[in-house]
Amino acid sequence: MAGLFVPFLPFADSIGQKIWISILFVGVFFCGWLCPFGTLQEWVGWLARKIHLPRFQLSLSWQQYAQLLRYFLYGLSTLNIVFYFLNSRFYFGHSVAVGMWDWVNGSVLILFIVLALFTDRPFCNYFCMHGASLGVWSVLRPLGIVRDSKTCVHCAQCDKSCPMNIPISSTELIGHPNCINCMKCITACPKNCIAFTLMRGKKL
Ligand code: SF4
Ligand code: SF4
Ligand code: SF4
């Protein structure tokens, strides 16, 4: 897996630099494999499925607009508009590492953990400015998730498995910025027509 090379990038000093540089080449492995709050939402979702709680998902037409919210919040924060308010609540590092001891930010976190009982990664999908800041750097990555449309039977199992609600079975986009390289679509595909490979010139 390409993410395994991340710790060994020779031209970056810190782990943070290695993660940022790796995003340019292989996308956002951090969100899929390393982020504690993303992992916590995954575990809560797993538990909810085990105890058969109802799950909700916005329709595709609403999803494409709703998912722009985290990029909008990120844009606002970079323009220094209500920077502190947004950063303290919707920037993963501040919220979890520092802000959770503040009762307002702690309440926001608890709210998203409860929401994760009913929908996949609610904070990651719609609100996380950190995830958005990583995603925008990943759009030109050469390696990523590719679907072989010739062998695809359009069963939509990949769409259902994607915690970031990416319409894998139908999208024409390459290098979706919301993809967190969790590889769930690869394991969900019954025809083995999804792979993590060179993306350029291919359709997702
Ligand atoms: S989107 Fe934010 S909260 Fe979710 S995994 Fe990425 S950094 Fe963590
Ligand atoms: S799971 Fe595989 S076969 Fe089914 S729609 Fe997705 S890519 Fe096509
Ligand atoms: S399921 Fe596939 S498309 Fe969706 S986030 Fe994971 S790797 Fe990316």
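The legends below accompany close-up views of a predicted model of one protein chain with its ligands.

**Figure 1. Overall arrangement and confidence of the predicted chain.** The protein chain contains twelve helices and two strands, which follow one another along the sequence as α-α-α-α-α-α-α-α-α-α-β-α-α-β. Of its 204 residues, 33% are buried. Among contacts with a separation of 6 or more, 71% link residues that lie 24 or more positions apart. The average pLDDT of the chain is 82, and 76% of the residues score at least 70. Confidence is highest in helix 12 (residues 184-188), with a mean of 96, and lowest in helix 7 (residues 92-98), with a mean of 56. Over residues 1-5 the pLDDT stays under 50, and the model has seven contacts beyond four places in sequence for this segment.

**Figure 2. The surroundings of ligand 1.** Ten residues surround ligand 1, and those that come nearest are Cys35, Gly38, Cys124, Cys128 and Gly131. Two or more residues of this shell are contributed by each of helix 3 (36-50), helix 9 (122-126) and helix 10 (129-137). By character, the shell comprises seven nonpolar residues, three polar residues and no charged residues.

**Figure 3. The surroundings of ligand 2.** The shell around ligand 2 holds 15 residues, with Cys152, Cys155, Cys158, Ser169 and Cys189 the closest. Ten of the shell residues are nonpolar, three are polar and two are charged.

**Figure 4. The surroundings of ligand 3.** Around ligand 3 there are 13 residues, of which Cys162, Cys179, Cys182, Lys184 and Cys185 come nearest. This shell divides into ten nonpolar residues, two polar residues and one charged residue. Beyond four places in sequence, Cys185 touches Ile145, Cys158, Ser161, Cys162, Ile168 and Ile194. One of these contacts, Cys162, is also among the residues that come nearest to ligand 3, while another, Cys158, is among the closest to ligand 2.

**Figure 5. The largest nonpolar core.** This core has 32 residues, and Val28, Cys31 and Cys185 touch the most other members. At least two core residues are supplied by each of helix 1 (15-26), helix 2 (29-34), helix 5, helix 9 and helix 10. In soluble globular proteins, nonpolar side chains tend to be buried together.

**Figure 6. The buried face of helix 5.** Helix 5 (residues 69-78) has Arg70, Leu73, Tyr74 and Ser77 as its buried residues. When the helix is viewed down its axis, these residues fall within an arc of 100°, and they therefore line one face of helix 5. An α-helix has 3.6 residues a turn, so residues three or four places apart point the same way. Tyr71 also belongs to helix 5, but this residue is partly exposed because 17 other C-beta atoms lie within 10 Å.

**Figure 7. Approaches of helix 5 to sequence-distant residues.** Leu73 and Met129 are separated by 56 residues in sequence, yet their C-alpha atoms are 6.4 Å apart. Met129 is part of helix 10 and counts as buried because it has 25 C-beta neighbours inside 10 Å. Tyr71 and Tyr126 form a second pair, 55 residues apart along the chain and 8.5 Å apart between C-alpha atoms.

**Figure 8. Ser22 and Trp137.** Ser22 is located in helix 1. With 22 other C-beta atoms within 10 Å, Ser22 is buried, since the cut-off for a buried residue is 20 or more. The C-alpha atoms of Ser22 and Trp137 are 9.9 Å apart, although 115 residues separate the pair in sequence.

**Figure 9. Positive phi angles in the loop before helix 11.** His154 lies in the loop between strand 1 (143-147) and helix 11 (157-161), and Ala156 is placed in the loop between strand 1 and helix 11 as well. The phi angle of His154 is near 55°, a positive value in a residue other than glycine. For Ala156, likewise a residue other than glycine, phi is positive and near 70°. His154 is exposed, with 10 other C-beta atoms within 10 Å, whereas Ala156, with 14 C-beta neighbours inside 10 Å, counts as partly exposed.

Technical notes: Residues are numbered from 1 along each chain as its sequence is written. Chains are lettered from A and ligands numbered from 1 in the order in which they are written. This is a predicted model: local features need pLDDT of at least 70, side-chain atom pairs count only at pLDDT 80 or more; totals for chains, interfaces and linings use all residues. A residue is near a molecule or strand if its C-beta atom, placed from the backbone, lies within 6 Å of it. Helices (H or I, at least four residues) and strands (E, at least two) are DSSP runs, numbered from the N terminus. Ala, Val, Leu, Ile, Met, Phe, Trp, Tyr, Cys and Pro count as nonpolar, Asp, Glu, Lys and Arg as charged, and the others, Gly among them, as polar. A residue is buried if 20 or more other C-beta atoms lie within 10 Å of its own, exposed if 12 or fewer, and partly exposed in between; C-beta atoms are placed from the backbone. The arc is that of the directions from the helix axis to the C-beta atoms. pLDDT is the predictor's confidence in each residue, from 0 to 100. Two residues are in contact if their C-beta atoms, placed from the backbone, lie within 7 Å. A nonpolar core is a set of buried Ala, Val, Leu, Ile, Met, Phe, Trp, Tyr and Cys residues joined through C-beta atoms within 7 Å.
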